[in-house]
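Subject: Structure handover and notes

Dear colleague,

I am passing on the structure that we spoke about, and my notes follow beneath it. Please read them with the model open beside you.

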Amino acid sequence: MGNEVEKSLGDFTDRGFGADPISMQNIMYKGHLNLMYGLYQMSTGDMRYAREYTWLTGQIAEEMRLHHEGIYEGVTCEPNAWFVECNTIGMLSLHVYDKLYGTTYTENEIQWSLDFIMGRMRDQDTGLFYRYYQPNHDFVRTDISGYANAWIVSFLNPFLPAEMTEVYQTFKEKLTVEYGPYASVYNRIGDIRETDTTAHLFGLIAAKEFGDEKLFGKLRNAIDKVGDLTIDYQRGGLVYDNPDNTMINGLVLASKLHLGWDTVLGYDWGFKGVPYTIPDTTDMSWVDLLPQRVYTLNGESSLPLHSDARPCPNCYWGDYVSQRMKFNAEKASANQGPECPANASSSCGLKKLLAE
């Protein structure tokens with residue numbers, strides 16, 4: 001993973017949230033990693049990452065169940081910051097797992113998040129999605145972002161196709177602008193109508209997801225113009241002015257290759273054995289997925305000897321112990337005794353997480 005991992009996780013480590021970047025409160029990283037595991041296994045039939053995929057799916061689902069005992073659903077993208085767009089990636093990763101292993105995350109953990117998103121994170125007038133939620137304060141920031149809504153409608157479409165088709169039309173009306181053969185996406189709804197490159201790029205993916213050839217073509221024309229797409233006579237073919245611009249090249253390529261989630265998830269990839277047998281992950285931890293070193297923005301250092309275990313949420317994750325969680329944990333302890341029986345509720349399992 002090299003430098004990209006270092007860039008992705010450096011701020012997480014530097015701010016003192018621990019050496020383990022995927023155990024808690026970072027769906028922004030682990031959701032994408034988990035989805036890549038799932039899509040790779042689904043499309044190739046290669047089981048090389050089956051144990052990693054199973055372990056990380058379990059971690060995400062456990063965190064979702066923990067929050068289900070609290071005041072919100074899903075997983076924070078970073079400490080005390082919950083974004084709809086980040087959660088859609090983790091949700092989709094669990095949905096793919098259901099398709100491969102016959103589990104029921106879609107009907108349970110994913111549905112909990114959908115209910116929270118549709119009930120708490122939407123503007124009632126437009127149906128568009130709010131910027132973010134802060135669990136520690138039970139506060140919703142009600143900005144309506146262009147890039148976030150383009151992302152959200154694209155990745156929630158597999159779960160709520162009728163609703164997202166309707167929201168996509170509102171997204172086009174409220175957050176896109178056309179200039180003859182060109183188009184772009186506004187940064188946000190508000191008095192200042194500024195277009196935004198990131199919103200524009202995610203708009204390409206949304207247009208492709210909903211089969212909107214007209215808008216896709218105009219957005220593509222604009223990015224080709226702004227990116228100065230020209231012939232590269234040395235290597236052949238077309239390149240943008242800055243071929244190393246990961247944002248432009250990566251998302252433009254992703255949008256051009258995207259066939260729509262309905263096609264990807266509904267396709268018969270032709271591999272036998274589905275549903276697969278769930279691998280044993282009993283002795284696994286995060287160090288089985290990532291290199292054993294601490295990533296920081298200022299370089300990397302050796303992994304501390306004590307950091308091979310999952311960190312205790314109560315050590316620094318304030319929103320993991322809401323008043324409702326405390327009440328449920330105390331009630332479970334009083335009713336179930338010191339040991340959790342096999343059929344115990346997830347509130348009883350809080351003891352395991354807080355034991356350290």
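A nonpolar core is a set of buried Ala, Val, Leu, Ile, Met, Phe, Trp, Tyr and Cys residues joined through side-chain atoms within 4.5 Å, where buried means under 20% relative accessible area, exposed means over 50%, and partly exposed lies in between (1.4 Å probe, protein chains only). The model is a predicted one, in which local features need pLDDT of at least 70 and side-chain atom pairs count only at pLDDT 80 or more, while totals for chains, interfaces and linings use all residues. Residues are numbered from 1 along each chain as its sequence is written, and side-chain values use heavy atoms, with hydrogens and water left out.

The largest nonpolar core has 88 residues, of which L156 and L289 touch the most other members. Helix α4 gives this core its largest share, 10 residues; helices (H or I, at least four residues) and strands (E, at least two) are DSSP runs numbered from the N terminus. Of the 18 residues in α4, 17 are buried. The end C-alpha atoms of this helix (residues 84-101) are 26 Å apart, which agrees with the 26 Å expected at 1.5 Å a residue, the expected span being 1.5 Å times one less than the number of residues. After α4 comes G102, with a positive phi near 70°.

The whole structure holds 0 disulfides, a disulfide being a pair of cysteine sulfur atoms within 2.5 Å. Why is there no bond between C77 and C86? The sulfur of C77 has its closest cysteine sulfur in C86, at 3.0 Å, which is too far for a bond. Both cysteines are buried, C77 at 0% relative accessibility and C86 at 5%.

There are 8 salt bridges, each a side-chain nitrogen of Lys or Arg within 4 Å of a carboxyl oxygen of Asp or Glu. One of them joins E109 and R65, with N to O at 2.9 Å. Because E109 lies in helix α5 (residues 109-120) and R65 in helix α3 (residues 50-68), this pair ties together parts that are 44 residues apart in sequence. E109 is buried, at 6% relative accessible area, whereas R65 is partly exposed, at 30%. Another salt bridge joins R131 and E85 at 3.0 Å, N to O, and links the loop between α5 and β1 (132-134) with helix α4, 46 residues apart. Here R131 and E85 are both buried.

With best wishes
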